[in-house]
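Me: Please take a close look at one part of this model, the open sheet, and then at how the domains meet. Keep it brisk.

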Amino acid sequence: MPTRKPKVIVTRRLPDAVETRLRELFDTELNLSDEPMTREALVDAAGRCDVLAPTITDRIDAGVIEAGGERLKLIANFGAGVDHIDVAAAAGCGVTVTNTPGVLTEDTADLTLALMMAVSRRIVEGARSIEAGEFKGWAPTWMMGRRLSGKRLGIIGMGRIGQAVARRARAFGMQIHYHNRTPVSPRIAEELEATYWESLDQMLARMDIISVNCPHTPATYHLLSARRLKLMPPHAILVNTARGEIIDESALADLLAARGIAGAGLDVFEFEPQVNPKLLGLPNAVLLPHLGSATVEARTEMGEKVIINIRTWMDGHRPPDRVLPSML
């Protein structure tokens, strides 16, 4: 490990307290413009630093990693997801990759429930009707939604966030079902009174609400394909706070327009930051600009994890949040 302060390049603006601490501890170069770096800029940065601290907006492919040559030793990602980083290529070049798991769990779960309520109770649609001057007074059959209590929630991906969503949903009186690579432990299953479905197809056909909480990997790309989306009952709603690539976004837009399902709440998109034009303007779609971890607390804690990972690496130890290809 270098005895000098390592050169750290941060690709986006982070909370002030995090940036200040990074400057205190390391030879840190900040991106004060907060504009996403081009690939050329990432290649240049990789060749000039010991540690690259990217975010989800940066595509850290094999070419970027190889541009780091002998100098780049650590990619300390600001975020839990690492699907934008070629972890296998990093391992092949002897570059350690870390992430920031755990600290965004509760906030993402909160937003997931918020989207469930927003779609099922038509909250955004109702707010827009006020702004448009369409509200003429209370009426018995106007703007009716559906309650959450008693509904069957199907969670795709029962990791930290999926379990946090399940706990919140239980408080709303929902019945918990889930699909995962393997069942959760008997203790967690008993706590959540959760029903495991080995077959995703069978679960989709029986749920009132589907929540996507799994990571994006080659195995989960378009996991919710056009065929699978059509398995959902017409009254069902779909919520995605994970990654946009997990859903065939174009097929979902067509299904929503045809009222094949009741609605969708999306915080992430397949070609982010671009949003499929077919989704825009649909009254039964609530669209948010990737707010899952957008709290002061979560973003600050994410930055603190980045710092801990860098300092641990500096000290010659294995960073606590190291990501290996075998983990993906």
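Reply: Two strands pair if DSSP finds at least two bridges between them. Strands (E, at least two residues) and helices (H or I, at least four residues) are DSSP runs, numbered from the N terminus. The model is predicted: local features need pLDDT of at least 70, side-chain atom pairs count only at pLDDT 80 or more, and totals for chains, interfaces and linings use all residues. Residues are numbered from 1 along each chain as its sequence is written, and side-chain values use heavy atoms, without hydrogens and water.

The open sheet has 7 strands in the order 8-7-6-9-10-11-12, with parallel pairing. Its edges are strand 8 (195-196) and strand 12 (285-287), each pairing on one side only. Strand 6 (residues 152-156) runs parallel to strand 9 (residues 209-212), joined over 4 bridges. One bridge links Leu153 to Ile209 in strand 9.

Helix 5 (residues 105-120) packs on this sheet. Helix 5 touches strands 6, 9, 10 (237-240), 11 (263-266) and 12; contact means heavy atoms within 4.5 Å. Its direction makes about 150° with that of strand 10. Axes are lines fitted to C-alpha atoms, for helices over the stretch in contact, and angles run from 0 to 180 degrees between N-to-C directions.

Now the domains. The assignment, automatic or from a database, gives domain 1 (7-99 + 295-327) and domain 2 (104-287). Their C-alpha centres lie 31 Å apart. In contact are 7 residues of domain 1 and 4 residues of domain 2. The rule finds 1 salt bridge across this interface (a side-chain nitrogen of Lys or Arg within 4 Å of a carboxyl oxygen of Asp or Glu).
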